[in-house]
Every structure is written in C-alpha cells, then in structure tokens.
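Visitor: I am new to this structure and should like to learn how to read it. Might we begin with the way in which helices pack?

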Amino acid sequence: MEKKLWGGRFKESTNKLVEQFTESVSYDKRLAPFDIAGSVAHVRMLAKQGILSKEEADRIVEGLHKVLEEVESGKFEWKTELEDVHMNVEKRLTELVGPVGGKLHTGRSRNDQVATDVRLYVRHEIEEVLKLLKELRRAFLKQAEEHIDVVMPGYTHLQIAQPVLYSHHMLAYYHMFKRDEERFRDTLKRVNVSPLGSAALAGTSYPLDREFTAELLGFEGVTRNSMDAVSDRDFVAETIFNCAMVMMHLSRLSEELILWSTEEFGFIELPDAFCTGSSIMPQKKNPDVSELTRGKTGRVYGDLMAILTILKGLPLTYNRDLQEDKEPLFDALDTVKMALKVNALVVAGMKPKAERMREQARKGFSLATDLADYLAKKGMPFREAHRVVGELVAYCLDTGKELDQLTLEEFKRFSDLFGEDVLSLMSVEGSVNSRNVIGGTAREQVLKEIERIKSEESF
C-alpha cells in the first residue's frame with residue numbers, strides 16, 4: 001500500500017473514487033509558480049531563524065527551482081493520487097533532493113500554504129486585470145477624442161430624451177470602468193497580507209519570522225489572527241464580485257452595441273473582424289462578441305453565487321469546502337480578462353454613423369426640455385412651462401411636426417414669452433452646448449474632461 005504524505009495513521013489505501021472526488025490538482029496546478037515562490041520564502045526564513053541549516057535551505061531552494069523549470073516547460077508529471085498542487089510539488093522536490101525535502105514543511109500547514117498561494121495568485125491576476133481595464137478605458141477616450149462633435153440622442157427608459165455628444169456617452173463608459181479599477185485596487189489592500197506562519201489554525205511553536213517571509217513575498221503585512229487567516233476567503237469573494245461588476249458594465253456596453261448596430265438604430269459600424277456571419281443568410285453580420293459578453297456575464301454571476309454559498313455555513317477554521325473556492329475564482333478571472341481584451345478591440349475599431357445619429361437626435365421631441373427651461377428663464381414657473389411645452393408636443397403630434405419645424409407664430413399660440421430667439425435654440429447642437437456645467441454635455445466640458453483624464457492617466 002502506497003502511503004499518502006499524510007497517511008501515517010491510516011490502515012487502508014484511499015478509495016480510488018474518493019481520490020477522484022477529492023482531488024484538486026486538475027485545476028489548482030496553475031498555482032504552482034505561486035506555491036513554489038511561497039515555499040522558497042518559507043525555507044529562506046527557516047534558515048534565517050536557524051531552524052534549517054543554510055546548506056539544507058540552499059539544497060531545497062535549488063530543488064524547488066528545478067521543479068519550477070519542469071512545470072514551466074510542461075515536463076512536470078501531475079499525479080491525481082497526490083491530491084493537489086502542494087503535494088505534487090513536495091513529492092517531486094523530495095525525489096530531486098532526497099529526504100531533506102521533507103523539511104520544507106516545517107512550521108507550515110497546507111492550510112496557511114494554500115491561503116498564501118491564492119493570495120499571491122489573486123494579487124498577480126488583479127495586476128493583469130488593471131492593465132486590461134486601462135486599455136479599455138484608453139479605447140473609450142480615443143473614441144471621444146476622434147468624434148468629439150458627433151451628436152446623438154440620449155435616452156431614458158430607452159426613449160429619446162435629450163441630445164448628447166457621442167463623446168460624452170463614450171466617457172460615461174470610461175468612468176464605469178474607472179470605478180472598476182478603483183474597486184480592484186481597494187481589494188488589493190486586503191489581498192496583500194501574508195497568512196504564512198498561521199500553520200493549521202493555531203500558529204506554531206517554531207520561532208518563525210512572519211514579517212521576513214512577508215517581505216520576501218512582497219506582502220505589505222501579515223495577518224493578525226491565525227484562525228481567521230486560514231479560513232478567510234473574503235478576498236476571493238470580493239475579487240469575484242469585482243469581476244461580476246466588470247462583466248455587468250461590459251454587458252451594458254454590449255447591449256448598446258447590439259442595439260446600435262441594428263438597421264433600426266444604425267448608429268455604429270462594428271469591425272468585421274469581431275462579428276460573424278450566418279450559415280444560411282448571406283447578408284448577416286452578427287455582433288457575436290457583444291452577445292457572448294452579455295451571456296458570459298451570467299456565468300461570472302454564477303461564480304459569485306458559488307463562492308458566497310460555499311462560505312456561508314463554514315465554522316472556523318479550515319474546512320475542505322474551501323477547496324471549492326478556486327474553480328469559481330479561476331473562471332471569473334479568466335472570463336473577465338478575455339472579455340476585457342476583446343471588447344477593448346471592439347471599442348477601438350467601431351465607427352459611429354454621425355449623420356444617422358444626428359438625424360435621430362432631433363426626433364422624439366428631444367428639444368422639449370430646452371423649451372421648458374427657456375420659458376422658465378423668461379420668468380414662467382417651471383411647472384407651468386412644463387405644461388405649456390407638453391401642449392406644444394401634443395400640437396406637434398397632431399400636425400405631424402417636430403419642434404424645430406414650428407414657426408414663431410405657432411410658438412406664440414402657446415405663450416407670448418416665446419421670442420425670435422427661440423428659433424435659434426431649436427437645434428441639437430445648441431441644445432448640447434447649452435448644458436455647459438461640470439459633467440455636462442457641452443463640447444467645452446467634454447474637452448476639459450478629456451484633458452483631465454489624459455493628465456491623470458498618462459494616456
């Protein structure tokens with residue numbers, strides 16, 4: 001009977017079905033570089049504290065580097081019967097350096113080991129996500145700069161509301177994804193603390209230097225409660241939540257791009273390289289990237305629900321349920337990274353149809369609010385102005401006209417406050433540029449916002 005590394009007290013071999021059910025190496029092997037980095041730091045600390053000799057530590061570190069080379073070259077043989085990435089690495093290390101490899105685990109448990117691995121992995125992945133978020137924001141900023149004067153209809157309730165600048169609309173998405181960056185950066189504060197030294201749950205009697213290990217691994221500090229340290233997966237849930245928020249924002253973008261690229265809207269042309277055709281209808285150009293982004297959002301929501309459900313009933317401290325934290329974490333991060341990459345290219349390559357947008361911006365009585373404000377500025381109470389303009393809209397519906405097609409005489413039928421200047425107000429460009437306040441749609445304000453962003457982001 002081949003004994004497990006933990007099998008001293010067992011008289012029977014583990015059932016093969018149990019091995020299949022409980023193994024995690026099929027997916028947690030991606031943690032190998034982080035597992036090895038944590039082990040190198042741990043053994044360096046053991047030598048510093050005199051728990052291992054320098055010669056023993058050097059031999060173990062050399063062996064760990066060889067294991068890493070095998071992993072990175074694809075030559076490492078992963079064994080399901082060894083359960084997880086940690087046992088696979090330790091077993092191979094012992095094969096390479098002999099019994100001294102067994103000293104690596106001195107003063108450490110798989111509980112604080114895996115918590116460290118996952119923190120190192122999440123830290124690395126968040127840095128990757130931050131880079132991708134910046135590229136996407138750069139694409140929105142470029143769209144805003146290149147199409148600064150394009151006017152389009154703004155919507156509420158998916159009904160035409162008021163004219164806005166396309167550039168202003170693009171910057172709305174910029175700010176969505178800027179908040180996503182801020183959330184990930186804030187999460188990093190809680191990720192970047194070292195649980196090493198907590199051991200199984202109660203620390204260890206060895207004189208470990210936890211701060212030294214944390215410094216070697218680039219952590220900003222150490223956890224302050226060993227029981228919490230080995231059972232805490234808040235940072236995993238928080239990371240997946242952040243991913244879910246990114247996907248929600250990408251899904252909102254996708255919904256608009258899908259609508260805007262239809263014949264009915266006709267606002268944008270999506271790049272051919274990011275669309276697909278139909279197997280039966282030769283004319284079709286389908287926005288599959290946007291549709292799949294919208295669909296994959298539900299998948300990441302599922303990852304979030306999975307981790308919250310895994311954690312909700314766990315007593316302190318470590319429970320094997322926590323093994324199930326990795327698949328939703330890996331899936332959420334993989335999905336959001338790919339979605340960010342492809343959507344940054346879609347946004348960079350799409351082209352607005354300026355004439356169509358402007359044509360639609362003047363429909364739906366989009367200038368009605370400007371008319372109400374016009375009357376209010378002339379002294380009419382706004383609620384009265386609202387009623388008068390509502391009657392004007394009803395008149396237009398009866399006569400088949402838009403507001404910008406009315407004569408001065410027609411305006412005066414509804415209020416003597418209307419003067420010649422009302423006719424010059426009736427343009428989508430005038431409407432857009434009248435909202436010249438911070439955060440408003442006026443060209444001047446959008447340009448200021450673009451310059452502010454460029455100075456802050458180093459775009």
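Guide: Angles over 145 degrees between two axes count as roughly antiparallel. In this predicted model, helix α3 (residues 32–48) and helix α4 (residues 54–73) pack at an angle of about 175°, and they are therefore roughly antiparallel to each other. Their axes are 9 Å apart.

Visitor: Which residues of α3 meet α4?

Guide: Among them are Ile 36, Val 40 and Val 43 in α3, which meet residues of α4 including Ile 60, Leu 64 and Leu 68. The residues of this contact divide into 13 nonpolar, two polar and two charged.

Visitor: How should one read a nonpolar core?

Guide: In soluble globular proteins, nonpolar side chains tend to be buried together. Here the largest nonpolar core has 101 residues, and helix α6 (residues 110–146) contributes the largest share, 15 residues. Phe 140, Phe 177 and Trp 260 are among the residues with the most contacts inside this core. A second, separate core has 23 residues, including Val 393 and Phe 418.

Visitor: How many aromatic pairs does a search of the whole structure find?

Guide: The search finds 11. Rings whose planes are under 30 degrees apart count as stacked. Phe 140 and Phe 177 form a stacked pair, with 10° between the planes and 5.9 Å centre to centre. This pair links helix α6 to helix α7 (residues 166–191), the two residues being 37 residues apart.

Visitor: Is Phe 140 buried or exposed?

Guide: Phe 140 is buried, with a relative accessible area of 0%. Phe 177 is buried, also with a value of 0%.

Note on methods: Residues are numbered from 1 along each chain as its sequence is written. This is a predicted model: local features need pLDDT of at least 70, side-chain atom pairs count only at pLDDT 80 or more; totals for chains, interfaces and linings use all residues. Side-chain values use heavy atoms; hydrogens and water are left out. Axes are lines fitted to C-alpha atoms, for helices over the stretch in contact, and angles run from 0 to 180 degrees between N-to-C directions. Helices (H or I, at least four residues) and strands (E, at least two) are DSSP runs, numbered from the N terminus. Angles under 35 degrees count as roughly parallel, over 145 as roughly antiparallel, 65 to 115 as roughly perpendicular and the rest as oblique. Contact means heavy atoms within 4.5 Å. Ala, Val, Leu, Ile, Met, Phe, Trp, Tyr, Cys and Pro count as nonpolar, Asp, Glu, Lys and Arg as charged, and the others, Gly among them, as polar. A nonpolar core is a set of buried Ala, Val, Leu, Ile, Met, Phe, Trp, Tyr and Cys residues joined through side-chain atoms within 4.5 Å. Buried means under 20% relative accessible area, exposed over 50%, partly exposed in between (1.4 Å probe, protein chains only). Rings of Phe, Tyr and Trp (its six-membered ring) pair if their centres lie within 6.5 Å; planes under 30 degrees apart count as stacked, over 60 as edge-to-face and the rest as tilted.
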